[in-house]
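Student: Got a minute to walk through a model with me? I'd like to jump around a bit.
Tutor: Sure. Put it up and ask away.

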Amino acid sequence: MEFNESTIDKLADLLMIGLTPEENKMILDEFAIIDKNIDKINNIKGIENIKPMTHCLDDFKCELREDIAENSPSIDDLLANCKKVDGREVEVPKVVE
Amino acid sequence: MNEYYLTIGLEMHCEGSLTNSKVFSSGKNEYSDLPNCNVSPVDMGFPGVLPVLNKQALKHAIIMSLILHARIPEYMYFERKNYYYPDLPKGYQITQNPPEECVGNGGYIDIEREDGSTFRVEIDNFHLEEDAAQLTHLYDTSTINYNRAGNPLYELVTKPCLHSADDAVRFLEHIRSIYQYCGISEADSKKGHLRCDVNVSVSKDPNKLGTKVEIKNVNSFSSVRETILAESQRQIDLINAGKEAEIIQETRRWDEGTGTTIGMRDKVDAEDYKYFVEPNIPPYKLEASWIEEIKASIPKLPYERKNSYINDLGLSPYDANIIIKEKAISDYYDECIKLGIEAKSAANWLTVNILGYLNKEFQKIEDFFITPTMLKTILDKQKEGVISSKQAKDIFAEALEKHIDPKELISSDNMQLNDEETIRTIVKDILANNEANVTAYKNGKTNLFQFFVGNVMKETKGKANPSLTAKIVEEELNK
Amino acid sequence: MDKTITELHEELKNNHVTSQALVDEAIKKSHEVQEKCNAFVTILDDAKGSDVTDDLLSGIPFGIKDNYSTKGILSTGSSNTLKDYVPFFTATAIENLMSHGCIPVNKTCMDEFGMGGTGTTAHTGVQKNPWDPTRMTAGSSSGSAAAVAAGVYPFATASDSGDSIRKPAAYCGIVGYKPTYGMISRYGLFAYVSSLDTCGVMTRSVTDAAIVVDAMKGIDPKDMTSWDSSDIHLYQDLTKEVSGKKLFYIKEIVDKNHYTNLPRETEEHLDNFMKTIDIVRSLGIEVDEVSIDQDILNAIASTYVVLGCAEATSNMSNLTGFSFGPRGEGNSFQEIMKDHRTKGFSSLIKRRFVIGSYVLQTVNQERYFKNAQRARRLIVDTIKEQFKKYDGLIMPVGTGVAPKLDNTDRVTDDELTPLEEHLQIGNFGGFPSITIPNGFINNLPVGINITGNCYDDQNVLNIAYALESKMNYKNQIAKEVK
């Protein structure tokens, strides 16, 4: 997939964000720099043999959570920031499959 | 169909209904009719929340993995599957991907058919993920209930290795019973615990797969069967009509009303889920000692019980199959055996009387009034000859109807009459009052024998022991 | 309010001042700094003083970066997507802190959700540097840095994903401390780059940083990446006995001769760094110059951008306006969500989302995202190799003083990028890292940074503590440069 203006618009649409033509152009320019810099990484010898670092701390030991349920916050708290409520639920326009 | 080779692959989702809390939060995992009463901030994706893996949910996933003979990786990783939908509060689902990082990678399970033959189902992967919220669609709005959001969800993906709708359903039923036997899920379709995606293809060449069509969200096993039959027939019809090109790799849905599969509006591009490792859940090392501990904790599974019913208790494979299908029924049966009820008699009562009643009344055995102990009381009295087999059934029915302990119903006034002396007195009375019939009998009208027995029964309100009565009547008549 | 925590505690204990008086003064000062620097999203005018106990933090006012969830207090992350969001739960780090009796008096501005290093992208407007309002504070913890530098209170919480604590600290002439990843719970901290995000603090002295992080840290059952630090007592174990310790700096970044076109100010900054190294050596610390592969240094900035954009686009997918934040307009869920996000996010964030989503696409992951993750490991392993020999890495912060807000003095030279961005190494490895002021260039503060190996926070703080005591910048308050 080439990184061009229509790719940008398509990605933005999937991200549910609208872009102005100026923003689209800026992304194109910013990406060109990233693309150039990523080549610096890809040119590092033996990079392909390194295990991607997905977490911050290596050899980190953590405990799993015991299966104990906690009480739900009050419905007033849960919905306090919701602008459209129907009864005890969050309301959205009808979701059509 | 003979000239066509049908291939089926299944993706079976099962909600883990038997943990206390959700898979990545401390929210309560409990069904409720009240919306948004079992929700933690994590389940609604409020800013700043973090996932914390539930040990019990992972344990359940490992149990399944072990049963499926799957490879369990050394470290547990989770991934984010990114997409936007109002039922997905964080904008991504925490799941596992690719197969080599799933809690179960590869594997197989052997399934037994009713006729004793077996077939093997190859597993692609088995993984643990979180469920989405529930949307309710109203006239022009939809509402979001987060109670279900974050519940543990287990997904089992088979290879395309099944070749008949019946085998597909046998496989699903067996897996469902394993979920129940292991206490992982009630696996109740009516509660929406089970959802299947079905992949169907047909081919004339048994060595080559045809074009795969996926049918999504088939929610009962009977629908799975019908889906496979309808979709394979649709594909065969197209091939026969020379329209093979019209079978395309697509997603369809099962339409209950018309009994057909219907193509879903195709998205222009397949969605790219942009999977990447969830950075908030550190790789968790699965210690061999823990896996061993879990292995040792796996209870007796359906086939083990079946074999023991057949080999140790002498049940017919037919009865054994019926009893193991649901864990609760099998547990009921085991309790009966433990109490000392004779194996075949218990099986007979369970498969005929009890299951007959439950099916008719749409009841579950967990809610069934007659406990194994009560059943034993009835059967013991029958065995002792205190009540007849008919009386046993009557007492069973009355106890069930009135919710009365059968013990109370087996009292002196309905006990079987076994006292020879008493019966003989009654018989003598009857013969004395029916001299004409006695003479007729003695002159060869032997069918009058039943007339005398019938009168004894009438006199004793049916409580006289029938065989004993017949014996005494014969003795008295032949005097 | 221009005193340290220990000094204020002394005054409170001796009844020279009341907690309420301190709170009132902090609120008054907040309004002044707001006018001058635009440092706050919320000023809590009703904040009340608290009981003074033996706890050093009791009764003392402080500030909270606005990406910490605070119950009943507006928490926006400086974004329009959350401009009206009032949480019903408080971040663990803040709960821990407040259990010591200190009093929040404001929520500080930041680059929207921590993204951006300028302090200019908050939904409430551009943040100005208290030393010179024509200059930036850098970001993303811009408001916390400005408020602490201006003497509103002795400390403010902050967070750091690339250098968001440690660079603004340098530009504002204060102390910025990012502990080891996971020492402080992230529960309730709005996520930006989850594998890099670290809670921390801005103060005016190393001692205060130790006191505050002692109070914030601790394993949290709500954060699987947090760890048990109950045997670490930063304040109690603070010592200037650092003789015999060993530090290194990176030759390719610090050596003036390495550059073909070095701006004068940067040259002064590097000279000043070397003068500080002399002070470090005078403490009995051995400091070596170590050469690191230039390819690895060149990879730092792009590694950060790719990882940051990718994780951020996923982390901020919960911002839909459905159950919190303003509702967008439209007839379908897609329309109202798009409206919410289009209106809610600043241009910078939107641009980075697009890039983040591109580098995460299945076909692009290898080239961009996975290779950035590989480069991250390479960088971390390279530095950890040095930590086998050295107690820490000591480096100048940035290319000099705070840049002008109008960008007129901005130098964008590729060869300066590693100098500008090397603090990101601390986030890649989860290393404890502290910036302290080490002088002035043209009357504007500059900073020096010490970074150590994971879990070695005490060592890092001790070195900074000893060095601080040999310089004259401890507890300095911003004096506006005319």
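Student: What's the handedness of the crossing of α2(A) and α9(C)?
Tutor: The crossing is left-handed. Keep in mind that this is a predicted model.

Student: What angle do α2(A) and α9(C) pack at, and how far apart are the axes?
Tutor: The angle is about 130°, and the axes are 8 Å apart. Helix α2 covers residues 21-42 of chain A, and helix α9 covers residues 294-315 of chain C. Oblique covers angles that are not under 35 degrees, not over 145 and not from 65 to 115. The two helices are therefore oblique to each other.

Student: Which residues meet there?
Tutor: From α2(A), A:Ile34, A:Asn37, A:Ile38, A:Lys40 and A:Ile41. From α9(C), the list includes C:Asp295, C:Asn298, C:Ala299, C:Val305 and C:Val306. The residues of this contact divide into seven nonpolar, four polar and two charged.

Student: Zoom out. How many residues of chain A and chain C are in contact?
Tutor: Chain A has 45 residues in contact with 59 residues of chain C.

Student: Which element gives the largest share of chain A's side?
Tutor: That is α2(A), with eleven residues. The elements giving two or more residues to that side are α1 (5-14), α2 and β2 of chain A.

Student: And how does that side divide by class?
Tutor: The side of chain A that touches chain C has 31 nonpolar, six polar and eight charged residues.

Student: Now A against B. How many residues does each chain put into the contact?
Tutor: Chain B puts in 37 residues and chain A puts in 26. On the chain B side, α1 (55-67), β8 (134-137) and β9 (141-145) are the elements that give two or more residues. The most comes from β9(B), with five residues. By class, the chain B side has 18 nonpolar, 16 polar and three charged residues.

Student: What joins β9(B) to strand β2 of chain A?
Tutor: Four bridges, and the strands run antiparallel. On chain A, strand β2 covers residues 89-93.

Student: Which residue in β9(B) is the bridge partner of A:Val92?
Tutor: The partner is B:Ser142.

Student: Staying with strands: what's the order in the open sheet of three in chain B?
Tutor: The order is β4-β3-β15, with antiparallel pairing. The edges are β4 (92-95) and β15 (276-277). Each has a single partner strand, so one side of each is left without a neighbour in the sheet.

Student: How many bridges pair β3 of chain B with β15(B)?
Tutor: Two, in the antiparallel sense. Strand β3 of chain B covers residues 79-82. B:Arg80 stands opposite B:Phe276 in β15(B).

Student: What about chain B as a whole: how many helices and strands?
Tutor: It has 15 helices and 16 strands.

Student: Why call chain B spread out rather than a compact globule?
Tutor: Look at the radius of gyration, which is 31 Å. The globule rule gives 23 Å for 479 residues, and the chain B value is well over that, so chain B is more spread out than a compact globule. Along its principal axes, the C-alpha trace spans about 100 × 55 × 50 Å.

Student: Back to helices. How do α6 and α15 of chain C cross?
Tutor: At roughly 150°, with axes that come within 9 Å. Over 145 degrees counts as roughly antiparallel. That label therefore fits α6(C) and α15(C).

Student: Which residues make that contact?
Tutor: C:Val206, C:Thr207 and C:Ala210 come from α6(C). C:Leu461, C:Ala464, C:Tyr465 and C:Glu468 come from α15(C). By class, that is five nonpolar, one polar and one charged.

Student: Last topic, backbone geometry. Is the peptide bond from B:Asn97 to B:Pro98 cis or trans?
Tutor: Cis, with omega near -10°. B:Pro98 sits in the loop between β4 and β5 (104-105) of chain B.

Student: And what's omega for the bond from C:Gly139 to C:Ser140?
Tutor: Near 5°, and that bond is cis. C:Ser140 lies in the loop between β3 (103-108) and α4 (142-149) of chain C.

Student: What about phi at A:Asp59: positive or negative?
Tutor: Positive, about 50°, although A:Asp59 is not a glycine. A:Asp59 is in the loop between α2 and α3 (75-79) of chain A.

Terms used:
Residues numbered from 1 in each chain as written. Chains lettered and ligands numbered in written order. Predicted model: local features only at pLDDT ≥ 70, side-chain atom pairs only at ≥ 80, totals over all residues. Pairing = 2+ DSSP bridges. Contact = placed C-beta atoms within 7 Å. Nonpolar A, V, L, I, M, F, W, Y, C, P; charged D, E, K, R; others polar. Axes fitted to C-alpha atoms, helices over the stretch in contact; angles between N-to-C directions. Left-handed = near helix turned anticlockwise from the far one by under 90°. Rg over C-alpha atoms; globule rule 2.2 N^0.38 Å.
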